[in-house]
Amino acid sequence: MTKLSILLIFLTLFGCATSGNKKTDSDSKIIDREYPRVDYHLIQEVRRFGVLYKHYCKEEMDRTIDVRLENIEGYPNAAGVYHRIQDYTIISLKHWRRFTPMMREEVVFHELGHHVLNLGHDWSTDNIKEGCPKSIMYNKGAGNCYHMKSSYFIKELFKRAGCKG
Ligand SMILES: [Zn+2]
């Protein structure tokens, strides 16, 4: 774990306490000075994803999810990235700070679409409907469209993954 990161480990069972890696005192001080000690909004969004997973997929998420809030090296424009090989998600701190709650929800759900639901991007050009993509797995996300019909996009996301609800 790098010094300038907040590592959140969400246990597989929703409702379990979250646990972080052991930190030295000096690490904690650095984190406290640079960032909020714990980003409760990020925890809430990941938990909400877990609740929706249970609702749509009729089962608990059966894996540990590693989501970090830090700067994304090499991808200055990316709001989030899932590293498949190392199996963790980074949400861009720079973006997170200026995002509205809905934008935060969308980026977390998009990345967990990769991370948890094993989905790729929907690159097809015929997925644009009324100026909106069909899915938040569109490579650029759904943007303003997500604000207008987030419940549609959430349903579509889980359906895409084979969970009908
Ligand atoms: Zn993506």
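## A tour starting from helix H4

Select Val107 to begin; this residue lies in helix H4. The model on the screen is a predicted one. Is Val107 buried or exposed? Val107 has 23 other C-beta atoms within 10 Å, and a residue needs 20 or more to count as buried, so Val107 is buried.

Keep Val107 selected and add its contacts. Apart from neighbours within four places in sequence, Val107 is in contact with Ala79, Gly80, Ile91, Phe99 and Gly141. Now add Ile136. Along the chain, Val107 and Ile136 are 29 residues apart, and their C-alpha atoms are separated by 8.7 Å.

**The whole chain**

Zoom out and colour by secondary structure. The protein has six helices and six strands. Read from the N terminus, the elements follow the order β-α-α-β-β-β-α-α-β-β-α-α. The protein has 165 residues, of which 27% count as buried. Contacts such as these can also be sorted by distance along the sequence. Of the contacts between residues at least 6 apart in sequence, 52% join residues at least 24 apart.

**Strand S4 and its partners**

Select residues 88-92, which form strand S4. How many of the five residues of S4 are buried? Four of them are, so the strand is largely enclosed by the rest of the structure.

Next, select strand S2, residues 65-70. S2 and S4 run parallel and are joined by four bridges. To find one place where the two strands face each other, pick Glu70, which stands opposite Ser92 in S4.

Then select strand S3, residues 80-83. In which sense do S3 and S4 pair? Their pairing is antiparallel, over four bridges. Two positions are worth clicking here. Gly80, already met as a contact of Val107, stands opposite Ile91 in S4. Val81 has Ile90 of S4 as its bridge partner.

**The turn between S3 and S4**

Follow the chain from S3 into S4. The two strands form a hairpin, with four residues between them. Select Asp87, which lies in the loop between S3 and S4. What is the phi of Asp87? The value is positive, about 60 degrees, although Asp87 is not a glycine. Most residues other than glycine have a negative phi. Asp87 has 12 C-beta neighbours inside 10 Å; the limit for an exposed residue is 12 or fewer, so Asp87 counts as exposed.

**Helix H2 against helix H4**

Select helix H2, residues 40-57, together with helix H4, residues 101-115. The two helices pack with their axes 10 Å apart and at an angle of about 50 degrees. H2 and H4 are therefore oblique to each other. Their crossing is right-handed.

Which residues make the contact? Show the side chains of His41, Glu45, Val46 and Phe49 on the H2 side, and of Arg104, Glu105, Val108, Phe109 and Leu112 on the H4 side. Sorted by class, the contact has five nonpolar, one polar and three charged residues.

While H2 is still selected, click Gly50, which is also placed in that helix. Gly50 has 21 C-beta neighbours inside 10 Å and therefore counts as buried. Add Val116 to the selection. The C-alpha atoms of Gly50 and Val116 are separated by 9.7 Å, while the two residues are 66 apart along the chain.

**Two asparagines in loops**

Go on along the chain from H4 towards strand S5, residues 128-129, and stop at Asn118 in the loop between them. Asn118 is a second stop with a positive phi in a residue other than glycine, here near 65 degrees. Is Asn118 buried or exposed? With 10 C-beta neighbours inside 10 Å, Asn118 counts as exposed.

For the last stop, select Asn139. This residue lies in the loop between strand S6 (132-133) and helix H5 (144-148). Asn139 has 10 other C-beta atoms within 10 Å, and is therefore exposed. Which residues are in contact with Asn139, leaving aside its neighbours within four places in sequence? They are His121 and Trp123. Draw a distance from Asn139 to His121, C-alpha to C-alpha: the viewer should give 5.4 Å. In sequence, Asn139 and His121 are 18 residues apart.

Key: Residues numbered from 1 in each chain as written. Predicted model: local features only at pLDDT ≥ 70, side-chain atom pairs only at ≥ 80, totals over all residues. Pairing = 2+ DSSP bridges. Axes fitted to C-alpha atoms, helices over the stretch in contact; angles between N-to-C directions. Parallel < 35°, antiparallel > 145°, perpendicular 65-115°, else oblique. Left-handed = near helix turned anticlockwise from the far one by under 90°. Contact = placed C-beta atoms within 7 Å. Nonpolar A, V, L, I, M, F, W, Y, C, P; charged D, E, K, R; others polar.
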